[in-house]
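Reader: Could you take me through one part of this model up close, and then show me how the rest of the chain sits around it? I would enjoy a connected account.

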Amino acid sequence: MKKVSIIAAAVAATLGAGSVFAVDFNGYMRAGTGISGNGEGDLSFNKRGIGRLGNENDNYYEFGLAEDLATGEQTWRIESMIAQGNDGSVGWEDGDFNVAQFAVKAKGLIASDPDAVLWAGKTYYQRKDIHITDFYYLNTSGTGGGIENLSIGAQKLSLAIIQDGEDDNGSGYIFDARLANIGLWQDASLELAAAYNFSTEKDEKTIEGDDGLLATAIVHQGMSNGFNQTIFQFGTNGYGVQAANLWGAGTYYDRSGDHNDASGFRIINWGVMNLGDNWELGHQLAT
């Protein structure tokens, strides 16, 4: 059976539509050198507890290219990103390059809802993190497709199906549903998210790990000099152990069966306040 790739066709159309010099570039890198009296070089200690600034033990690089193709009321956008990391101990280091993102996102396909976005490919999908500690409390990024920012009254609905690993026994997937822009009181809003992790088994194979659900509620409070967020999360089975141990949730799901019947929750409060033109204060509390 012949397989037609919509992504490949969209990529070819986008790249052929304009000058290569019109692409948007973005990038990020970190690198540093540490010296200690006990012979250690770069060290990182309890980064999720005390923060990441000056507390990294590796080099990391990422760079991306993106371009928009406007056709009438529609905009097709291709986004790409290459990432690589190593320990930075010598000048020339071998390391694997990862295609972290390569996706096509189309806006304006629904005439009655022009801000809705349909997407397919590999992408960082609506990641939720606390930047000062590099803690991603919700991260279901990967290869898949879906629709974002579909208007439901004043709220915005996003639905996605994302692949989550494969082995000899079968494949894992995440169904991700989110409802954002739920108004509360003045300058406050609520976002709800549910990630359901499930598996499909290969012939005559058995996956021991049960399906799991991670439910998230995010209360965002805007302030005159910053913002504050309170996050409530509850997980079952493979997500339960992640929530109970304050691990990043969504990046890995254990299907061995060791965490069947597990459940866990966590509460996180964090925020940033501007103290002046060049000063900000960030905090994080988690339990």
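Reader: Let us start with glycine 144: does it count as buried, partly exposed or exposed, and at what relative accessibility?

Author: Happy to! Please keep in mind that this is a predicted model. Glycine 144 counts as partly exposed, because its relative accessibility is 22% and buried means under 20%. The residue belongs to strand S8, which covers residues 142–152. If we set aside the neighbours within four places in sequence, the contacts of glycine 144 are Trp119, Ala120, Gly121, Ile161 and Ile162. Threonine 123 makes a useful reference point too: 21 residues separate it from glycine 144 in sequence, and the two C-alpha atoms are 8.2 Å apart.

Another strand residue to set beside it is phenylalanine 102, in strand S4 (residues 98–107). Phenylalanine 102 is likewise partly exposed, with a relative accessible area of 38%. Its C-alpha atom is 4.3 Å from that of serine 80, although the two positions lie 22 residues apart in sequence terms.

Now let us step back to the whole chain. It contains three helices and 15 strands. Its radius of gyration is 21 Å, close to the 19 Å that the globule rule gives for 287 residues, so the chain is as compact as a globular protein of that length. Along the principal axes, the C-alpha atoms fill a box of roughly 60 × 50 × 50 Å. Buried residues make up 34% of the 287. Among contacts with a separation of 6 or more, 51% join residues 24 or more positions apart. On the outside, the chain exposes about 16700 Å², and 56% of that comes from carbon and sulfur atoms. As for charge, there are 18 positive and 37 negative charges, and the mean positions of the two sets are 4 Å apart.

The interior deserves a look as well. The largest nonpolar core has 16 residues, and those touching the most other members are Ile130, Tyr137, Leu214, Ile231, Tyr239 and Ile268. Two or more residues of this core come from each of strand S7 (135–138), strand S11 (188–201), strand S12 (212–223) and strand S14 (263–276).

Some loop residues round out the picture. Aspartate 134 sits in the loop between strand S6 (128–130) and S7. Its phi is positive, about 60 degrees, although the residue is not a glycine. For background, most residues other than glycine have a negative phi. Aspartate 134 is also buried, as its relative accessible area is 19% and the limit for buried is under 20%.

Asparagine 237 can be read in the same spirit. This residue is not a glycine, yet it has a positive phi of about 55 degrees. Asparagine 237 is placed in the loop between strand S13 (226–236) and helix H3 (238–244), and it counts as buried at 12% relative accessibility.

Leucine 53 gives us a contrasting case: it counts as exposed, at 85% relative accessibility. You will find leucine 53 in the loop between helix H2 (47–50) and strand S2 (59–71). The C-alpha atoms of leucine 53 and tryptophan 279 are separated by 15 Å, with the two residues 226 apart along the chain.

To return to where you began, glycine 144 in strand S8 is partly exposed, and its contacts include Trp119 and Ile161.

How values were computed
Residues numbered from 1 in each chain as written. Predicted model: local features only at pLDDT ≥ 70, side-chain atom pairs only at ≥ 80, totals over all residues. Heavy atoms only, no water. Helix = DSSP H or I, 4+ residues; strand = E, 2+ residues; numbered from the N terminus. Rg over C-alpha atoms; globule rule 2.2 N^0.38 Å. Buried < 20%, exposed > 50% of the residue type's maximum accessible area, 1.4 Å probe, protein only. Contact = heavy atoms within 4.5 Å. Areas by Shrake-Rupley, 256 points an atom, 1.4 Å probe, with all protein chains shown as cover. Lys, Arg positive; Asp, Glu negative; His and termini not counted. Charge placed at Lys NZ, Arg CZ, Asp CG, Glu CD. Core = buried A, V, L, I, M, F, W, Y, C linked by side-chain atoms within 4.5 Å.
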